[in-house]
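The exercises below each set a task and then work through a solution in steps. Please keep the coordinates open while following them.

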Amino acid sequence: MVYRGEEALGLIETVGLVPALKACDEMLKAADVELVSYENIGSTLVTIMVKGDVAAVEASVAAGARAAEAIGTLTAQNVMPRPIPSVGDIVSVHAIDV
């Protein structure tokens, strides 16, 4: 999914794929958000990115952070209420095609 900065952006970063997948599952179930992309950053770091309205993204990131911490290592979490459009160019490099 191409992201252009039109909605809030939520990010979760974990050590390893399993906590990232658990976080992603919980994020998508917790609120009305859409998966934008994921990225394997190296050193086993994995980032999951979702978009939606601010309240939904905040709830989603909180749920994902709890889930990741429960089974692994959460290294970062962030909600960007309305990032500038050029952030979308970075985020969309590994966009999920739906």
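**Exercise 1.** Characterise the salt bridge between the side chains of glutamate 7 and lysine 51 in this predicted model, and state where in the chain the two residues lie.

*Solution.* The first step is the contact itself: the side chains of glutamate 7 and lysine 51 meet at 3.4 Å, N to O, and this pair counts as a salt bridge because the cut-off is a Lys or Arg side-chain nitrogen within 4 Å of a carboxyl oxygen of Asp or Glu. The second step is the location: glutamate 7 belongs to the segment before β1, whereas lysine 51 sits in strand β3, so that the pair links distant parts of the chain, 44 residues apart. The third step is accessibility: glutamate 7 has a relative accessible area of 27% and is partly exposed, while lysine 51, at 8%, is buried.

**Exercise 2.** Determine which residues are joined into one network by salt bridges that share partners.

*Solution.* Begin with glutamate 26 and lysine 22, whose side chains form a salt bridge at 3.2 Å, N to O; both residues lie in helix α1 (residues 17-30), 4 residues apart, which is about one turn of the helix. Glutamate 26 is partly exposed at 25% relative accessibility, and lysine 22 is partly exposed at 33%. The network, by contrast, consists of Glu6, Glu7 and Lys51, joined by salt bridges that share partners. Its other contact is the salt bridge between the side chains of glutamate 6 and lysine 51, at 3.0 Å, N to O; here too distant parts of the chain are linked, since glutamate 6 is in the segment before β1 and lysine 51 in strand β3, 45 residues apart. Glutamate 6 is partly exposed, with 43% relative accessibility. The count of salt bridges in the model comes to 4.

**Exercise 3.** Describe the surroundings of strand β3, asking which strands pair with β3 and in what sense.

*Solution.* First, strand β1 (residues 8-15) pairs with β3 in the antiparallel sense over 8 bridges, and within β3 the bridge partner of glutamate 13 is threonine 47. Next, strand β2 (residues 34-42) also runs antiparallel to β3, to which 7 bridges join it; in β3, leucine 45 is the bridge partner of glycine 42. The connection between β2 and β3 is a hairpin with 2 residues between the strands, and serine 43 in the turn has a positive phi of about 55°. Finally, strand β3 (residues 45-52) is mostly covered, with 7 of its 8 residues buried, and lysine 51 is itself buried.

Note on methods. Residues numbered from 1 in each chain as written. Predicted model: local features only at pLDDT ≥ 70, side-chain atom pairs only at ≥ 80, totals over all residues. Heavy atoms only, no water. Buried < 20%, exposed > 50% of the residue type's maximum accessible area, 1.4 Å probe, protein only. Pairing = 2+ DSSP bridges.
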